[in-house]
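The following exercises invite the reader to examine a structure step by step. Each task is followed by a worked solution.

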Amino acid sequence: MQGFAAQCGFCTSGMLMAAKALLDANPTPSRDEVIEAISGNLCRCTGYEPIVDAILTAAARLHGGGRLDVQHRVSQKPVRR
């Protein structure tokens, strides 16, 4: 729930399933790989960036890292919708 990645719940189950499948197949995905993995899900609230950040943070935590430094995302290309 950190980072406001879940809002109204419309997309939550699909995003969780996509994230789980991605992290099972690729435990250390790039930002672009996360974007591609969730591209089939429609989010009506967050603008996708908090969801992408949450998946990258989960990947980092699963591998002993800490929270992703989301300040660097400003320079990244925007998420396609």
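**Exercise 1.** Which pattern does the protein chain follow when read along the sequence?

*Solution.* The model under study is predicted. Begin by counting the elements: the secondary structure of the protein chain comes to three helices and zero strands. Then read along the sequence, where the pattern is α-α-α.

**Exercise 2.** Describe burial, surface and contacts in the protein chain.

*Solution.* Start with burial. A residue counts as buried under 20% relative accessible area. Of the 81 residues of the protein chain, 35% meet that criterion. Turn next to the surface: the protein chain exposes about 5,300 Å², and 56% of this area is supplied by carbon and sulfur atoms. Finally, consider contacts with a separation of 6 or more; residues 24 or more positions apart account for 60% of them in the protein chain.

**Exercise 3.** Determine which residue lies over the face of Phe 10, and how many aromatic pairs the structure holds.

*Solution.* First examine the ring of Phe 10: Arg 44 lies over its face, at 5.5 Å from the ring centre. A charge sits over a ring only if, among other conditions, CZ of Arg is within 6 Å of the ring centre. Then look for aromatic pairs; the structure holds zero.

**Exercise 4.** How many cavities of 30 Å³ or more does the structure hold, and which residues line the largest cavity?

*Solution.* The count is one cavity of 30 Å³ or more. The largest cavity has a volume of about 30 Å³. Its lining includes Phe 10, the residue whose ring face lies under Arg 44. The other lining residues are Ala 5, Gln 7, Cys 8, Gly 9, Cys 11, Cys 43, Cys 45 and Thr 46.

Conventions: Residues are numbered from 1 along each chain as its sequence is written. This is a predicted model: local features need pLDDT of at least 70, side-chain atom pairs count only at pLDDT 80 or more; totals for chains, interfaces and linings use all residues. Side-chain values use heavy atoms; hydrogens and water are left out. Rings of Phe, Tyr and Trp (its six-membered ring) pair if their centres lie within 6.5 Å; planes under 30 degrees apart count as stacked, over 60 as edge-to-face and the rest as tilted. A charge sits over a ring if NZ of Lys or CZ of Arg is within 6 Å of the ring centre and within 35 degrees of the ring normal. Helices (H or I, at least four residues) and strands (E, at least two) are DSSP runs, numbered from the N terminus. Buried means under 20% relative accessible area, exposed over 50%, partly exposed in between (1.4 Å probe, protein chains only). Contact means heavy atoms within 4.5 Å. Accessible areas come from the Shrake-Rupley method with a 1.4 Å probe; for residues, only the protein chains shown count as cover. On a 1 Å grid over the protein atoms alone, a cavity is a set of points where a 1.4 Å probe fits but cannot get out, and a pocket is an open set with protein on both sides within 12 Å along at least five of seven lines; lining residues have an atom within 4 Å of a point. Grid points are joined across faces, edges and corners, and a volume is the space filled by probe spheres set on the points.
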